[in-house]
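Please examine the sequence and the model shown below. The paragraphs that follow lead through the structure step by step.

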Amino acid sequence: MAVAKTTKKPAAKAKKPVAAPKKVVAKAKPVAAKKVAPPKAVKKTAATAPKAVKKAVAATPKATKPKSVPAAAKSAQVKAMPGAYSLVLKGARVIDPASGLDAVRDVAISNGTIAAIAESITAPRGTKVMDLKGKVLTPGLIDTHAHIYEHVTGDFGLNADLVGMRGGVTTVVDQGGPSALTIGGFQQYVVQPSSSRVLCFISTYLAGGLLGHRYVDLYGPTGINVDAIVKAARENPGLVRGIKAHAEPGGFSRWGVESLKLATKAGKELGLPVYVHLGTLWPVAAGKTVDAQDIIKEVVPLLSPGDILAHPFTRYPSGFVNQDGSIHPLVYEALARGVKIDVGRGAHFSFDNAKAVIGAGILPDTLGADLHGYNIKFPDGGRWYRGMFTDTQEMEPPEGPAEALPPFSTPYGLHHTMSELLALGVPLPKLVAMCTSNAAAMLGMSDTLGALRVGQPADISVFKVLEGEWKLLDSNGVSVTAKQLLHPVMAMRGTLMQMSDSPLLPDVTDMAA
Ligand SMILES: [Zn+2]
């Protein structure tokens with residue numbers, strides 16, 4: 001079980017464990033990374049911070065309560081007994097949307113468990129202390145959309161820890177890589193060896209996400225077996241958190257919404273959400289035409305509360321935004337039904353459509369980055385991929401001379417996706433909620449994930465907010481100027497502390513405006 005292994009995850013498994021708190025080494029060079037943002041003005045309103053902290057500290061459960069937590073932990077100023085804490089994280093802006101906390105706080109860790117959160121924790125001599133002044137500390141970030149079935153999905157599948165722990169993200173959710181036929185390998189070769197917590201939405205199709213769903217003929221109703229999905233999900237209850245399906249013109253031109261009907265049948269039987277990809281993936285069948293606006297009409301009535309529509313900002317037809325720039329009216333009906341929205345940034349992201357959707361008052365619930373091998377620029381030169389396949393199953397080639405075009409996607413990650421929405425005016429605490437408490441709710445794991453709770457295993461992300469000027473590019477090459485850029489510093493799971501060193505992370509100097 002993916003979740004149960006949290007406790008037995010030894011530091012030795014980490015690729016780059018960092019035992020002692022050492023100076024945080026930013027990937028950013030000082031050229032663009034002008035300075036680390038000072039902690040935001042902290043509001044200590046009675047309604048938020050102090051109350052939340054008091055509650056969190058008082059809520060220490062008996063079973064997991066570290067014996068050494070001193071009574072003083074209940075007050076704003078904590079003076080710890082020698083040996084009480086193994087680590088104190090000092091002075092970060094702590095944003096914990098689940099409890100409403102947004103204030104400068106110290107966080108004490110005792111043998112991999114959060115032991116105290118208080119305004120000031122005085123650590124006795126000998127306790128490891130990490131100075132996080134100017135940085136932001138949150139519950140471990142959750143990336144709700146990634147493709148990490150390495151090797152089995154070919155170049156499409158990334159290494160889980162490069163997306164996860166080494167990218168400052170503690171939990172990574174694979175969307176549709178493993179299937180009923182291949183989930184055993186996912187459990188054995190991805191979930192078990194990773195230092196990140198790995199979960200999945202199991203593929204609707206027996207083929208799973210091979211080569212990023214390149215061969216369209218594998219994805220019709222004949223390649224779907226509801227009983228097999230149900231059986232695989234029941235055999236892997238901690239791992240399978242939902243079902244991944246598609247509703248886009250290529251599949252629609254061949255099978256209508258039949259595949260999605262089968263996915264929702266399995267979802268209902270399991271009581272798990274269905275995650276629906278919107279926006280072109282496969283070419284429309286020869287001789288057929290599809291009115292993209294018709295797809296969502298057939299999709300919405302199939303959805304139940306808690307099901308998820310993905311890629312709301314897609315630059316392809318069949319998303320939330322009609323060709324004339326208006327929002328599809330059925331999007332509002334979907335929201336009224338309790339359907340959730342995941343950004344699924346990936347190959348789809350359009351600033352123009354994001355502005356249209358957010359401008360219409362629709363804010364996604366979660367923020368999957370949708371990282372995969374086709375949209376990450378590898379150190380050896382990168383790839384061209386425009387988010388869909390041609391009818392020969394090739395990736396859609398770029399138009400025009402390569403040097404005249406922006407790369408399909410500049411390197412990015414979950415933090416970068418947060419920066420993009422920050423640049424569009426979404427407040428930071430909302431973005432943190434999307435990647436923590438909201439994501440945990442989507443996974444049905446609010447009790448154990450997505451919040452900072454005294455007595456629970458440490459599951460923490462730390463990032464910095466760089467101040468300067470950056471040019472953020474979407475998948476169409478449209479740019480937005482950002483004054484702030486989030487960049488990961490580290491991730492913690494239990495006793496494992498991992499500095500952010502993933503080679504997939506963007507080099508912020510490349511984006512300097
Ligand atoms: Zn995806």
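Leucine 211 counts as partly exposed, because 18 C-beta neighbours lie inside 10 Å, whereas 20 or more would be needed for a buried residue. This assignment, like every other one here, rests on a predicted model. Leucine 211 is found in the loop between strand S11 (197-203) and helix H4 (226-235). Its phi is near 50°, a positive value in a residue other than glycine. Most residues other than glycine have a negative phi. Aspartate 370 also has a positive phi, near 55°, and is found in the loop between helix H9 (351-359) and helix H10 (414-423). Is aspartate 370 buried or exposed? With 28 C-beta neighbours inside 10 Å, aspartate 370 counts as buried.

The wider setting of these two loops can now be described. The protein has 513 residues, of which 54% are buried. Its secondary structure comes to 12 helices and 18 strands. Of the contacts between residues at least 6 apart in sequence, 80% join residues at least 24 apart.

Strand S11, which precedes the loop of leucine 211, belongs to an open sheet of seven strands. The order in this sheet is S9-S10-S11-S12-S13-S14-S15, and the pairing is parallel. At the edges stand strand S9 (142-146) and strand S15 (340-342), each of which pairs on one side only. Direction ignored, neighbouring strands of the sheet are turned by 25° against each other on average. At the S9 edge, three bridges join S9 in the parallel sense to strand S10 (residues 171-175). Alanine 146 has aspartate 174 in S10 as its bridge partner. Helix H6 (residues 258-270) packs on the sheet, where it touches strand S12 (240-247) and strand S13 (274-278). The direction of H6 makes about 165° with that of S12.

Within this sheet, S13 deserves a closer look. Five of the five residues of S13 are buried, so this strand is largely enclosed by the rest of the structure. Which residues cover the two faces of S13? Val274, Val276 and Leu278 lie on one side and Tyr275 and His277 on the other, and all of them are buried. S12 and S13 run parallel and are joined by five bridges; alanine 247 is the bridge partner of leucine 278 in S13. S13 also pairs in the parallel sense with strand S14 (residues 308-310), over three bridges, and histidine 277 has alanine 310 in S14 as its bridge partner. From S13 the chain crosses through helix H7 (residues 292-299) to S14, and this β-α-β crossover is right-handed.

The sheet leads on to the nonpolar core. In soluble globular proteins, nonpolar side chains tend to be buried together. The largest nonpolar core of this model has 137 residues, and Ile202, Ile243, Val276 and Cys435 touch the most other members. Strand S16 (residues 459-473) supplies the largest share of this core, with eight residues. What surrounds isoleucine 243, one of the residues that touch the most other core members? Leaving aside neighbours within four places in sequence, isoleucine 243 is in contact with Phe201, Ile202, Thr204, Ile229, Ala263, Ala266, Gly267, Leu272, Val274 and Tyr275.

Another enclosed strand is found earlier in the chain. Of the 10 residues of strand S3 (residues 87-96), 10 are buried, so S3 is largely enclosed by the rest of the structure. How does S3 pair with strand S4 (residues 101-110)? The two strands pair in the antiparallel sense over eight bridges, and aspartate 96 stands opposite leucine 101 in S4. S3 and S4 form a hairpin with four residues between them. In its turn, glycine 100 has a positive phi of about 80°.

S3 has parallel partners as well. Four bridges connect S3 in the parallel sense to strand S7 (residues 128-131), where aspartate 131 is the bridge partner of lysine 90. Two bridges connect S3, again in the parallel sense, to strand S8 (residues 135-139). Arginine 93 stands opposite valine 136 in S8.

Terms used:
Residues are numbered from 1 along each chain as its sequence is written. This is a predicted model: local features need pLDDT of at least 70, side-chain atom pairs count only at pLDDT 80 or more; totals for chains, interfaces and linings use all residues. Two strands pair if DSSP finds at least two bridges between them. Axes are lines fitted to C-alpha atoms, for helices over the stretch in contact, and angles run from 0 to 180 degrees between N-to-C directions. Two residues are in contact if their C-beta atoms, placed from the backbone, lie within 7 Å. A residue is buried if 20 or more other C-beta atoms lie within 10 Å of its own, exposed if 12 or fewer, and partly exposed in between; C-beta atoms are placed from the backbone. A nonpolar core is a set of buried Ala, Val, Leu, Ile, Met, Phe, Trp, Tyr and Cys residues joined through C-beta atoms within 7 Å. A crossover is right-handed if, with the strands pointing away from the viewer, the path from the first strand over the helix to the second runs clockwise.
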